[in-house]
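This report looks at a few local features of one protein chain, taking backbone geometry before side-chain pairing. Please keep the sequence and the model in view while reading.

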Amino acid sequence: MRRTILFALMMSLLLMGGCGRVQAEEKFEDWQEELREEESFSFSAKIAADSGENVLRYEATARWEDGETCVELTAPEVLAGVTLRMSDDTAFLEYDGVSLELGKLPGAGMSPAAVLPLAAKALRDGHLLSSAAVREDGVTQIVCELACEWGELTVWMEGEPLMPVHAELSVDGQTVVTCEFIAWNTEYKEEV
């Protein structure tokens, strides 16, 4: 009798765990599909990039529109206003009306400045490897791992509507960049 009850309890826990994963996957895929339908979206983030020798910290605002991502650095103050425009594998660095073509960006050894454009592309078009719903400090988050040509992006999302709050870029199994999302907007409108 005890074995029957234990077996029933274990099966219900397994099934409930599977439902959480399936629900997390469905929520993310619905969110990703809505993002694909947007003409543009923008977000701000605090970034920490670990080169192995030092950790670079900066803040930036990114805007994806018509296949191009534009990243403007907002901190540290000495870099504020420097802009990176990236489309497919070509990038331009801009500041005070001057534009410099950076050429093609390699997949490995990418610049930390390319992280936000690559994260935007992964969030919009990345292949979902795994997902889970986790509850921490009374908040339910969906954690998704996305495969990309340059590594893996793990993103934590929460709220209704679902919004990214944290992301980690891993290359060869090592976390090299973390992003804390400050703001997310799918109704970006250029100021006139």
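In which loop is Pro76 found? The model is a predicted one, and in it Pro76 belongs to the loop between β3 (68–75) and β4 (83–87). The peptide bond that joins Ala75 to Pro76 is cis, with omega at about 5°. A cis peptide bond also leads from Glu160 to Pro161, where omega is near 0°, and Pro161 is likewise a loop residue, placed between β9 (151–158) and β10 (163–171).

**Positive phi outside glycine**

Two aspartates call for attention on account of their backbone angles. Asp96, although not a glycine, has a positive phi of about 50°, and its place is the loop between β5 (90–95) and β6 (98–104). With a relative accessible area of 70%, Asp96 is exposed. Asp172 is not a glycine either, yet its phi is positive at about 55°; Asp172 sits in the loop between β10 and β11 (174–185). Its relative accessibility of 79% puts Asp172 among the exposed residues as well. Asp172 counts as exposed because its 79% lies over the 50% cut-off for that class, and the 70% of Asp96 lies over that cut-off too.

**Salt bridges**

Side chains of opposite charge can pair when their charged atoms come close. How many salt bridges does the count come to? The count comes to seven salt bridges, and the table sets out three pairs, with the N to O distance of each and the relative accessible area of both partners.

| Acidic partner | Basic partner | N to O distance |
|---|---|---|
| Glu65, 31% | Arg63, 18% | 3.7 Å |
| Glu94, 22% | Arg85, 25% | 2.9 Å |
| Asp125, 40% | Arg124, 15% | 3.2 Å |

In the pair of Glu65 and Arg63, whose side chains meet in a salt bridge at 3.7 Å, the glutamate is partly exposed, whereas the arginine is buried. Arg63 is classed as buried because its relative accessible area of 18% falls under the 20% cut-off. In the pair of Glu94 and Arg85, where the closest N and O atoms are 2.9 Å apart, Glu94 counts as partly exposed at 22%, and Arg85 is partly exposed at 25%.

The salt bridge between Arg124 and Asp125, with its closest N and O atoms 3.2 Å apart, links a buried arginine, at 15% relative accessible area, to an aspartate that counts as partly exposed at 40%. This pair belongs to a network in which salt bridges that share partners join Glu33, Arg36, Arg124 and Asp125.

**A serine in strand β7**

Is Ser131 buried or exposed? Ser131 has a relative accessible area of 9% and is therefore buried, and its place is in strand β7, which covers residues 127–136. The side chain of Ser131 reaches the backbone nitrogen of Glu25 at 3.3 Å, so that this pair of atoms lies within the 3.5 Å limit for a polar contact.

Taken together, the backbone features described here include cis peptide bonds before Pro76 and Pro161, along with the positive phi angles of Asp96 and Asp172. On the side-chain side, the four-residue network of Glu33, Arg36, Arg124 and Asp125 stands beside the contact from Ser131 to the backbone of Glu25.

Note on methods. Residues numbered from 1 in each chain as written. Predicted model: local features only at pLDDT ≥ 70, side-chain atom pairs only at ≥ 80, totals over all residues. Heavy atoms only, no water. Buried < 20%, exposed > 50% of the residue type's maximum accessible area, 1.4 Å probe, protein only. Helix = DSSP H or I, 4+ residues; strand = E, 2+ residues; numbered from the N terminus. Polar contact = N/O pair within 3.5 Å; in protein donor to acceptor, adjacent residues only side chain to side chain.
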